[in-house]
Amino acid sequence: MQCQLCKQNMATIHLTEISNGQRSETHLCEDCAQQQGLSVKAQIPLNELLSTLLASQPEAKEELTAAAEDADLGSATCPACGMTLDRFKKESLLGCPHDYEAFEDQLNPLIEKTQNGRTTHSGKVPEHIPEDNKTQIELINLRRRLEEAVKLEDYETAAEIRDKINHLQ
């Protein structure tokens, strides 16, 4: 789709606005979007995302603080970067990827709460897709897990996965 303003570049920013019950769509390239004062962030750093989640869930931050105090882990330190749980509570930013392992027990409840109980990434699948599509996606994931189990010669797990695949087909 072409940019509605310059009519030269490909539109990569799509805005939908509903005003007085009327829906309008605008399709812009990045250059025109910047000229219109729209900022574009291609990726949000993980620390910024976690910080935003904490800010939107003040009770979660309080739970993290209480859990750390109960376990007296405020001075727990990441061996890779030296980040402490106390510092994380103040700044809402982690220091490095190893912090997720170092503070796993304290971060998991927070992540579960902000991600509706999910702690593993399972791909981008909208919640309201038809049941057939969900089944197909589950079959693809099960076949992938079956291949991994066979490679690892974990035949008991492979048999369980095979049975699940047969049940879904």
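How many of the 169 residues of the chain count as buried, as a percentage? The figure is 22%. Bear in mind that this is a predicted model. A few points from going through it:

1. Overall fold. There are eight helices and two strands in the chain. Going along the sequence, the two strands come before the helices, giving β-β-α-α-α-α-α-α-α-α.

2. Contacts and surface. Take the contacts between residues at least 6 apart in sequence: 33% of them link residues at least 24 apart. The chain exposes about 12500 Å², and carbon and sulfur atoms account for 48% of that area.

3. Disulfides. I'd expect you to check the cysteines, so here goes: a search of the whole structure turns up zero disulfides. The cut-off for a pair of cysteine sulfur atoms is within 2.5 Å.

4. C6 and C3. For C6, the closest cysteine sulfur is in C3, and at 3.8 Å it is too far for a bond. C6 itself is partly exposed, its relative accessible area being 24%.

5. C96 and C81. A similar check applies here: the sulfur of C96 has its closest cysteine sulfur in C81, 3.6 Å away, which is too far for a bond. C96 is buried, with 15% relative accessible area.

6. The annotated stretch. UniProt, in an unreviewed entry, has "domain: UVR" over residues 136-169. In the model, that span is 88% helix and 0% strand, and its end C-alpha atoms sit 9 Å apart.

Methods:
Residues numbered from 1 in each chain as written. Predicted model: local features only at pLDDT ≥ 70, side-chain atom pairs only at ≥ 80, totals over all residues. Heavy atoms only, no water. Buried < 20%, exposed > 50% of the residue type's maximum accessible area, 1.4 Å probe, protein only. UniProt positions renumbered as here; feature names shortened; annotations may be inferred. Helix = DSSP H or I, 4+ residues; strand = E, 2+ residues; numbered from the N terminus. Contact = heavy atoms within 4.5 Å. Areas by Shrake-Rupley, 256 points an atom, 1.4 Å probe, with all protein chains shown as cover.
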